[in-house]
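Student: Got a minute to go through a structure with me? I'd like to work through it by question and answer.

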Amino acid sequence: MSASLFVKLSGLPIIAVTGTRGKSMVTHLIWHILNAGGKKVLLGGNVRGVSNLELLKKAKKTEIAVMELDSWQLQGFGDAKISPQIAIFTSLLSDHMNYYKNSVKNYFADKANIFKHQKRGDVLIIRPGVKKLIPKNIKSKLVVVNAKDAEKYASSLPGKFQKENLACAVRVAREFHIPVSKIKKAVKNFKGLEGRL
């Protein structure tokens, strides 16, 4: 699949986001904050109007790639036995059950490829509702965010779930040592995505 091919061929550090809900918002917010923090960042994966293979042309002039990944793209990650260095898992709800033959377990198995092949030194960031799904023997560092982690960041995004999404994005920015002042300014200026709450 093009997303896993991009990861293998680009050689870039990868931040990837999945979840039944919230993945688009978190992906774009991370990209927005890292750009505001002066990082050279590509945006790819399950993003409308973006060709992952076309992004390879820009990879040499880039520091990091931020990717939104759906369950099908993560099938490709599983086949390639790869996971991103920083993975974010926002939520798991019953979805795409026509494809997964009414098995949430099979749906999660594809989603789990976002962390399944992570190594020591990699990071898995999750919202609290996902914690019960994560095996205890993962190699990466597990970070469970809290809506309170986002309280000092003024955001126009409504709802507690968006506070948890924001906390995920802020945690990624901290991994890259983006100053709090730049994170605050980027979050304040982020207007959300068209068609989303």
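What follows is a short exchange about helices, rings and a few single residues.

Student: Before we start, what kind of model is this?

Tutor: Worth keeping in mind throughout. Local features here need pLDDT of at least 70. That's since the model is predicted.

Student: How far apart are the end C-alpha atoms of α6, and what span should we expect?

Tutor: Helix α6 covers residues 160-175, which is 16 residues. At 1.5 Å a residue, α6 should span 22 Å. The model agrees with that, as the end C-alpha atoms of α6 are 23 Å apart.

Student: And which elements do the buried residues of α6 pack against?

Tutor: The buried residues of α6 include L166, A167, C168, A169 and V170, along with charged-type names such as E164 and R171. Their packing partners are β1 (14-18), α2 (23-36), β4 (86-89), β5 (123-126), β6 (141-144) and α7 (180-189).

Student: Which residue just after α6 has a positive phi, and is that residue buried or exposed?

Tutor: Look in the loop between α6 and α7, where H177 is found. H177 isn't a glycine, yet its phi is positive, about 55°. Exposed means over 50% relative accessible area. H177 has 69%, so the residue is H177 and it counts as exposed.

Student: Where is K81, and how accessible is K81?

Tutor: K81 is found in the loop between α3 and β4. Its phi is near 55°, again a positive value in a residue other than glycine. K81 is exposed, with a relative accessible area of 59%.

Student: How do α1 and α3 pack: parallel, perpendicular or oblique?

Tutor: Helix α1 (residues 2-10) and helix α3 (residues 71-80) have their axes 7 Å apart, at an angle of about 45°. That makes α1 oblique to α3. In the contact, A3, S4, V7 and K8 of α1 meet Q73, G76, F77 and A80 of α3. By type, those residues divide into 4 nonpolar, 3 polar and 1 charged.

Student: Are the rings of F108 and F115 stacked, edge-to-face or tilted?

Tutor: A search of the whole structure finds 2 aromatic pairs. For F108 and F115, the ring centres are 6.4 Å apart and the planes sit at 45°, so this pair is tilted.

Student: Which residues form the aromatic cluster?

Tutor: F108 and F115 are both buried. Adding one more residue gives the cluster: F89, F108 and F115.

Student: Last one: how far is K185 from I33 in space?

Tutor: K185 is in helix α7 and is exposed, at 60% relative accessible area. K185 and I33 are 152 residues apart in sequence, but C-alpha to C-alpha they are 8.7 Å apart.

Note on methods
Residues are numbered from 1 along each chain as its sequence is written. This is a predicted model: local features need pLDDT of at least 70, side-chain atom pairs count only at pLDDT 80 or more; totals for chains, interfaces and linings use all residues. Side-chain values use heavy atoms; hydrogens and water are left out. Helices (H or I, at least four residues) and strands (E, at least two) are DSSP runs, numbered from the N terminus. The expected span of a helix is 1.5 Å times one less than its number of residues. Buried means under 20% relative accessible area, exposed over 50%, partly exposed in between (1.4 Å probe, protein chains only). Contact means heavy atoms within 4.5 Å. Axes are lines fitted to C-alpha atoms, for helices over the stretch in contact, and angles run from 0 to 180 degrees between N-to-C directions. Angles under 35 degrees count as roughly parallel, over 145 as roughly antiparallel, 65 to 115 as roughly perpendicular and the rest as oblique. Rings of Phe, Tyr and Trp (its six-membered ring) pair if their centres lie within 6.5 Å; planes under 30 degrees apart count as stacked, over 60 as edge-to-face and the rest as tilted.
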